[in-house]
Amino acid sequence: MKEYLFLFRGGDVHSGKLSPEQNQAHMQKWMQWMGGLQEKGQLGGAQPLNTSGKQITGNKKVITDGPFMEGKEMVGGYLMCKANSYDHAVEVAMGCPILDFEDGKVEVREIQELKM
């Protein structure tokens, strides 16, 4: 199996609009989805990301607070997935609960094997 990185964007905008019960039900969907991947041996790890960070730019290594972008474009978390092909990885990503929201996005990227 190859490894794929899922990058999650959007969806969080709506979390402030959910009631505590709705938020808990949505989090339960995440746990069920990731639990299913774990059972199949496809989950390599997953974590949400804080909204703050630092950015280092160019050969002068300028450090700025960030990220500075529209909220729906900011990466909110990631998941490492094992799949047989891109199509299989996309099929797995289709079950992601972030897609319950109109602006939810999952970017699927194959991880290249670095031979040293």
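**Aromatic packing, a hairpin and a nonpolar patch**

Both Phe8 and Trp33 are buried, where buried denotes under 20% relative accessible area, exposed over 50%, and partly exposed the range in between (1.4 Å probe, protein chains only). The model is a predicted one, in which local features need pLDDT of at least 70 and side-chain atom pairs count only at pLDDT 80 or more, whereas totals for chains, interfaces and linings use all residues. Residues are numbered from 1 along each chain as its sequence is written, and side-chain values use heavy atoms, with hydrogens and water left out.

A search of the whole structure gives 5 aromatic pairs, a pair being rings of Phe, Tyr and Trp (its six-membered ring) whose centres lie within 6.5 Å, with planes under 30 degrees apart counted as stacked, over 60 as edge-to-face and the rest as tilted. The ring centres of Phe8 and Trp33 lie 6.4 Å apart and their planes are at 70 degrees, so this pair is edge-to-face. Because Phe8 belongs to strand 1 (residues 2-9) and Trp33 to helix 1, the pair ties together parts that are 25 residues apart in sequence; helices (H or I, at least four residues) and strands (E, at least two) are DSSP runs numbered from the N terminus. One aromatic cluster is formed by Phe6, Phe8, Trp30 and Trp33.

Helix 1 (residues 20-39) also contains His26, which counts as buried because its relative accessibility is 12%. When residues up to four places away in sequence are not counted, His26 touches Pro97, Asp100 and Phe101, contact meaning heavy atoms within 4.5 Å.

Strand 3 (residues 53-57) and strand 4 (residues 62-66) run antiparallel and are joined by 5 bridges, two strands being paired if DSSP finds at least two bridges between them. Within this pairing, Gln55 has Thr64 of strand 4 as its bridge partner, and Ile56 stands opposite Ile63 in strand 4. The two strands, 3 and 4, form a hairpin with 4 residues between them, and Gly58 in the turn has a positive phi of about 65 degrees.

At the surface, Tyr86, Val90, Met94 and Leu99 make a nonpolar patch of about 370 Å²; patches comprise residues with over 30% relative accessible area and no salt bridge, like charges being joined within 9 Å and nonpolar side chains (Val, Leu, Ile, Met, Phe, Trp, Tyr) within 5 Å. A salt bridge is a side-chain nitrogen of Lys or Arg within 4 Å of a carboxyl oxygen of Asp or Glu, and accessible areas come from the Shrake-Rupley method with a 1.4 Å probe. Leu99 is found in the loop between helix 2 (86-93) and strand 6 (105-110).
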